[in-house]
Amino acid sequence: MSETPNAIDAITAAQPSPGEQFFPKFEVTPELIEKAKELVALYPEGKEQSAVLPIIHHVQEEFGYICADAIPWIAEMCKSTPIHVSGIVTFYPGIHRKCPGKFHFRVCRTLACALSGGEELMAYICKKIGVNQAEICDAEPMVVSENGIFSIEPVECLANCGFGPNVMVNDTLYSQVTRKKVDEIVSACKKQVAAEKKNK
Amino acid sequence: MSDITYKPGREPHPKETRRIFKNIDREGYDPSIKCFIKDGGYKTLKKVLKMEPADVINEVKKSGLRGRGGAGFPTGVKWTFIPKGNTKPVYLVCNCDESEPGTFKDRFIVHQDPHQLLEGMIIACYAVQAHYAVIYMREEFPEAARIMNNAIKEAEAKGYLGTDIQKSGFDLKIVLHRGAGAYICGEETGLINSIEGVRPYPRIKPPFFPAAIGLYGCPTIVNNVESLCQVRQVMMMGGEKYAAEGAQRSPGTRIIGVSGDVKRPGVYEIISGSITYGELLYDICGGPRIGRKFKAIIPGGASAKVMRCDEVLTDRNPDGTIREMSVFDIPMDLDSIAKFGSMSGSGGVIVMDDTRSMPKCLNNLNRFFAWESCGQCSPCREGNPWMLKLSTRICEGKGSPEDVDLLKSVADNICGRTVCAFGEACSWPTQAFTTKFRDEFLALTKPINALKAHSEEAKEARKFLTRED
């Protein structure tokens with residue numbers, strides 16, 4: 001193998017992330033196949049390919065991100081090809097190819113939120129959860145903290161413009177977020193992680 | 001209407017008329033089907049199912065209802081574009097990929113009143129005889145996706161969805177499909193490609209409407225969430241009564257989302273054309289924050305052209321005389337603002353006051369468009385990062401006066417040269433900002449910067465030619 005990977009190798013290359021400790025490793029189970037078949041059945045006959053996004057969403061919910069091993073399996077489930085699924089996975093900003101932290105922050109940076117102080121808030125959250133904001137770039141917008149608990153990503157419009165700045169933590173939207181609110185959210189997250197560790 | 005109470009602090013303004021938003025922030029209202037039926041829900045559907053589908057289309061045509069997604073195309077007319085003698089299945093897609101910056105109306109409907117949308121969809125499906133419909137919801141609404149899926153199950157259990165709806169012989173299946181955070185999926189053909197499971201590149205026109213060739217190559221109707229709720233409203237009120245209210249060419253109510261520098265930002269439902277931008281911003285939204293003045297308004301989502309608040313506009317009175325007015329005197333309907341070079345689009349009003357730097361605002365929008373360009377057409381894929389680079393350079397004080405003209409010329413050369421309307425959407429803000437606030441851009445530039453190198457490579461190449469100072 002040559003030293004510089006080609007474009008396809010680069011897409012499927014594993015991107016290690018400290019967030020992986022909080023998610024199970026991708027593995028095909030009968031339940032997963034059952035769920036995929038259920039999703040495929042939602043679409044008209046012969047249009048299995050439509051289910052590619054729903055299956056990707058399901059895999060991402062379960063395992064945190066779309067790893068290289070998942071791509072051929074998704075392709076098989078929706079009667080498509082791995083390269084095709086790779087095309088979808090690389091297109092959408094909402095699909096991760098690297099494992100996010102247990103709590104994934106999405107901070108809106110578009111005009112209305114920026115007018116209400118979204119950019120300053122972004123810098124504050126980065127400092128609070130211990131990631132280096134300078135690492136955020138267009139090619140790799142998501143940065144995971146070293147302990148894997150948090151990850152942050154600037155996103156475009158979350159469609160709640162009147163009540164900025166808006167931050168999404170996993171599936172929950174917080175609007176009119178202040179620094180105090182950030183402190184509350186972060187400490188609640190840390191508490192939850194500590195409690196889970198204890199129970200183990 | 002007096003029996004409806006709203007949550008404290010969420011009461012509608014007296015100038016509002018709540019129809020679509022009747023149940024938003026209402027005391028004791030939840031998204032369950034029980035609540036909706038108690039409030040008279042699904043009654044309109046029962047009435048519609050006794051009518052002929054063609055009569056339903058005629059009623060919507062008569063109402064003059066225009067789409068609320070941004071383009072403002074008459075909904076009833078769109079429905080008639082399904083080819084005559086069509087033997088293929090017809091599909092209906094609800095566009096809930098609300099991603100235009102400044103627009104945040106649909107999120108309230110899908111989070112708080114999902115059955116209103118479902119009823120509107122079932123009516124629309126019956127009118128165009130579609131037996132399979134998709135709600136395309138953006139990924140950023142995970143909560144709404146759960147609420148909607150639950151609502152679909154409830155409706156199926158009560159016999160409003162599935163086979164033989166309310167013993168009318170009409171079958172319908174509605175599926176919720178989630179996007180994954182791409183702005184381009186709001187473009188109807190990109191959205192269709194996304195549902196088909198291919199990369200969501202917009203399709204080449206013609207055909208201009210997916211009503212001819214759409215999802216899986218079959219006739220497809222794509223309507224916005226608010227439009228479908230308005231369809232329910234039309235069938236409830238009757239087409240003629242609906243058409244009589246509001247602006248003549250865009251009747252009915254409109255939902256306006258106001259964001260940015262006003263005292264009370266939020267979503268407001270008004271009768272189309274009944275108030276002006278001034279009344280909206282000063283009366284309903286409470287005016288600018290203390291000690292500030294309005295400077296600019298983006299009247300219809302991020303891609304609409306910006307309007308200066310101190311600009312003197314001229315309009316012709318009905319008797320032929322010319323009168324002077326400002327942006328605050330323009331009525332809030334779909335067409336009035338188009339006369340002055342902007343558009344009312346999706347009803348997302350972004351307001352900026354005198355503390356804001358216009359080049360910075362434009363830079364923010366350019367970053368949005370550079371990030372969201374799908375990369376199918378070269379002018380847009382290459383032009384947007386170029387515009388971002390130029391506006392960033394100007395904001396950092398490293399630009400030359402020529403850069404402002406270059407910025408505009410890049411925008412001029414994207415506009416109209418792309419497959420979809422994204423080309424226009426991304427170039428209009430730049431064109432308007434650089435024309436209307438040219439002084440502010442020029443103030444940040446220095447002529448000497450034209451001679452300076454901006455990249456490391458250029459610096460290296462020029463190291464013997466220029467002196468660093």
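In chain B, strand β5 is covered on both faces: B:Thr253, B:Ile255, B:Gly257 and B:Ser259 are buried on one side, and B:Arg254, B:Ile256, B:Val258 and B:Gly260 are buried on the other. Put as a count for residues 253-260, that's eight of eight buried. Keep in mind that this is a predicted model.

What flanks the strand? Here are the two pairings of β5(B), side by side.

| Partner strand in chain B | Bridges to β5(B) | Direction | Facing residues |
|---|---|---|---|
| β6 (residues 266-271) | six | antiparallel | B:Ile256 and B:Tyr268 |
| β11 (residues 348-353) | four | parallel | B:Val258 and B:Val349 |

The link to β6(B) is a hairpin, with five residues sitting between the two strands.

Elsewhere in chain B, take a look at B:Glu59, which sits in helix α3 (residues 53-63). It counts as buried because it has 22 C-beta neighbours inside 10 Å, and the cut-off for buried is 20 or more. Which residues does B:Glu59 touch, once neighbours within four places in sequence are set aside? They are B:Val234, B:Met235 and B:Gly239. B:Val231 is 172 residues away from B:Glu59 along the chain, yet their C-alpha atoms are 9.6 Å apart.

Then there's the meeting of the two chains: 36 residues of chain A are in contact with 44 residues of chain B. On the chain A side, the elements giving two or more residues are α3 (52-63), α5 (82-91) and α6 (111-115). That side of chain A breaks down into 23 nonpolar, ten polar and three charged residues.

Technical notes
Residues are numbered from 1 along each chain as its sequence is written. Chains are lettered from A and ligands numbered from 1 in the order in which they are written. This is a predicted model: local features need pLDDT of at least 70, side-chain atom pairs count only at pLDDT 80 or more; totals for chains, interfaces and linings use all residues. Two residues are in contact if their C-beta atoms, placed from the backbone, lie within 7 Å. Ala, Val, Leu, Ile, Met, Phe, Trp, Tyr, Cys and Pro count as nonpolar, Asp, Glu, Lys and Arg as charged, and the others, Gly among them, as polar. A residue is buried if 20 or more other C-beta atoms lie within 10 Å of its own, exposed if 12 or fewer, and partly exposed in between; C-beta atoms are placed from the backbone. Two strands pair if DSSP finds at least two bridges between them.
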